[in-house]
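Visitor: I'd like to go through this model with you and hear the reasoning behind each label. Could you show it to me?

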Amino acid sequence: LKFVPAVFQNQEGGGAGKDCEMNMSMLLLDSPSPSFAAVFTRNAVCGHPVTIGKERLRESEKIRAVVVNNKVSNVGNRDGLGNSERLCEVLAEALPPAECEEERASPLDGPSPCLQPPAEADEIIPCSTGVIGWELPIDEMVDAVPSLVESLSPSAQPPPKFSDFAKGIMTSDNYPKAASREVDVGGGEKVLLCGAAKGAGMIEPNMATMLAFVVTDANLEREEMQTMLQKACDASFNCASVDSDQSTSDSLIFLSSRKKKIPGAGREQVVVAVAKALKEICVELAGHVVRNGEGVQHVIEVNVEGCRDDEQARTVGKAVVNSPLFKAAVAGNDPNIGRLASAIGSAVGKMCASKESDGEKADAAARAELEKMSIRIGDSLVYSDRAFDLSPELEAKLAKYMEDATLYRPSETGGHQPDFPVHDRSVVITIDFGLGGRGAARVVGADLTREYVTYNSDYRT
């Protein structure tokens, strides 16, 4: 649902005077469901909706809906917590009673002989994304609730679609991000998972302004969902970074309508397959978030293997994609291997120093960690046996490789990013520590461009 709050109307200049539309979007289950899971930002200055979301995860028995607004992230406001709760209360009152589970009719499609009690505010999770510090235009948001509810009616024209939700939650995104998977549960039946995400800047999730939502009809238990969601998040959104700034509003929410029963026989295999599908969706969405990052012209994919554990691999991968010097080099198609090796060495040195207080022993441990390390960019070996493998010919080849991975050239587009990525190529870096361990990680990041700096320096003005 689009509307223009008064604070955004007919004003020019900076700050809250931007003339722009606000969107409110909602995911509505046919009936309140006890099957839900969530992962939130670890930023200590978190948004008020995050505080409420964490409370719902701890205390709510069921969830009926998720409501999302863009433009304003509702962080650090004196009335922010109360405003988000007020929105949930008004929305709960506006929702018609849900159908009983055995009925499975739409809650917005007329009366039924079997109705559950009216919705409660604690059955609704609020999410906000946008500028930090602005106040929600709560009165106008409340006034828009009846229209939001009506827009989800099956008789609404145009009919509500999941793609509309993916578009509605966007802020500085160039395009909506959605993914889906089907899982066979036997007997000719399949369960469906659909996911959507938004985010283009402040992307260093550690569960950015990154919001992601996955819905399914699989009849899963809440504990199963939380476990598989955390694992999927660790392998996807927690392995992605655009600018190393962790947002105040990151939320990843997983809801089930429980419509499709999973047979007892073979249930374990089905749950494993659903977890795999969830991970694939999250990896795909995280990749889109990075590829659509503000000013991003190269996606950097770092595959780290041969480590002692996954955490070591993830730490090294993030050190590479978060190195401003290396990111800037990639933006200029400059295969500056020294900056790459420096980022790796810095990460390993810090990890060893955190485990060993004696400086000499820590240094020796770091050298041992790097003894067998090799580095490839694309299919080219650039470092092995503790030495660079470089030549003018190889550097020219690497520069061409980076140039071929460019998503767009500002000189050809007037500085504007394309509405949709023109290809899915990345600058792929493979780091093998050769330690014989099974620790590995795939981390996705982005270059650092003039356009990123320009966009974020002009963001509110």
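Visitor: What makes Lys397 and Asp379 a salt bridge?
Guide: Their side chains meet at 3.5 Å, N to O, and the cut-off is 4 Å between a Lys or Arg nitrogen and a carboxyl oxygen of Asp or Glu. So the pair qualifies. Bear in mind that this is a predicted model.

Visitor: Which parts of the chain does that pair tie together?
Guide: Lys397 lies in helix 11 (residues 392–404), while Asp379 is in the loop between strand 11 (374–377) and strand 12 (380–384). The pair therefore ties together parts 18 residues apart in sequence.

Visitor: Why is Asp379 called exposed, and why is Lys397 called partly exposed?
Guide: Exposed means over 50% relative accessible area, and partly exposed is the range from there down to 20%. Asp379 has 61%, so it counts as exposed. Lys397 has 45%, so it is partly exposed.

Visitor: How do you know that Arg56 and Glu85 form a salt bridge?
Guide: The closest N and O atoms are 3.1 Å apart, within the 4 Å limit. Arg56 belongs to helix 1 (residues 48–59) and Glu85 to helix 2 (residues 80–94), so this pair links distant parts of the chain, 29 residues apart. Arg56 has a relative accessible area of 2%, and since buried means under 20%, Arg56 is buried.

Visitor: What about Lys259 and Asp30: which one is buried and which is partly exposed?
Guide: Asp30 is at 16%, under the 20% line, so it is buried. Lys259 is at 42%, which makes it partly exposed. Their side chains meet in a salt bridge at 2.6 Å, N to O. The whole structure has 19 salt bridges, and a network of them links Arg181, Lys276, Glu280 and Glu284.

Visitor: Why is the pair of Tyr383 and Phe388 called edge-to-face?
Guide: The ring centres are 5.4 Å apart, and rings pair within 6.5 Å. The planes stand at 75 degrees, and over 60 counts as edge-to-face, so the name follows. Tyr383 is buried at 11%, whereas Phe388 is partly exposed at 42%. The structure holds 4 aromatic pairs, and ring pairs also link Phe162, Phe165 and Phe213 into a cluster.

Visitor: What makes you say that the charged end of Lys177 sits over the ring of Tyr175?
Guide: The distance to the ring centre is 4.8 Å, and the limit is 6 Å, along with an angle within 35 degrees of the ring normal. The charged end of Lys177 is listed as sitting over that ring.

Visitor: Now the inside: which residues touch the most other members of the largest nonpolar core?
Guide: Those are Leu193, Leu220, Phe237, Phe254, Val274 and Leu278, out of 40 residues. Elements giving two or more residues include strand 6 (177–186), strand 7 (189–198) and helix 5 (222–234). The largest share, 11 residues, comes from helix 6.

Visitor: Which residues does Leu278 touch?
Guide: Leaving out residues up to four places away in sequence, Leu278 touches Leu193, Val214, Met228, Leu229, Ala232 and Phe254. There is also a second, separate core of 34 residues, which includes Ile300, Ile375, Ile429 and Ile431.

Visitor: How many of the 461 residues are buried, as a percentage?
Guide: Buried residues make up 52% of the protein chain.

Methods:
Residues are numbered from 1 along each chain as its sequence is written. This is a predicted model: local features need pLDDT of at least 70, side-chain atom pairs count only at pLDDT 80 or more; totals for chains, interfaces and linings use all residues. Side-chain values use heavy atoms; hydrogens and water are left out. A nonpolar core is a set of buried Ala, Val, Leu, Ile, Met, Phe, Trp, Tyr and Cys residues joined through side-chain atoms within 4.5 Å. Buried means under 20% relative accessible area, exposed over 50%, partly exposed in between (1.4 Å probe, protein chains only). Helices (H or I, at least four residues) and strands (E, at least two) are DSSP runs, numbered from the N terminus. Contact means heavy atoms within 4.5 Å. Rings of Phe, Tyr and Trp (its six-membered ring) pair if their centres lie within 6.5 Å; planes under 30 degrees apart count as stacked, over 60 as edge-to-face and the rest as tilted.
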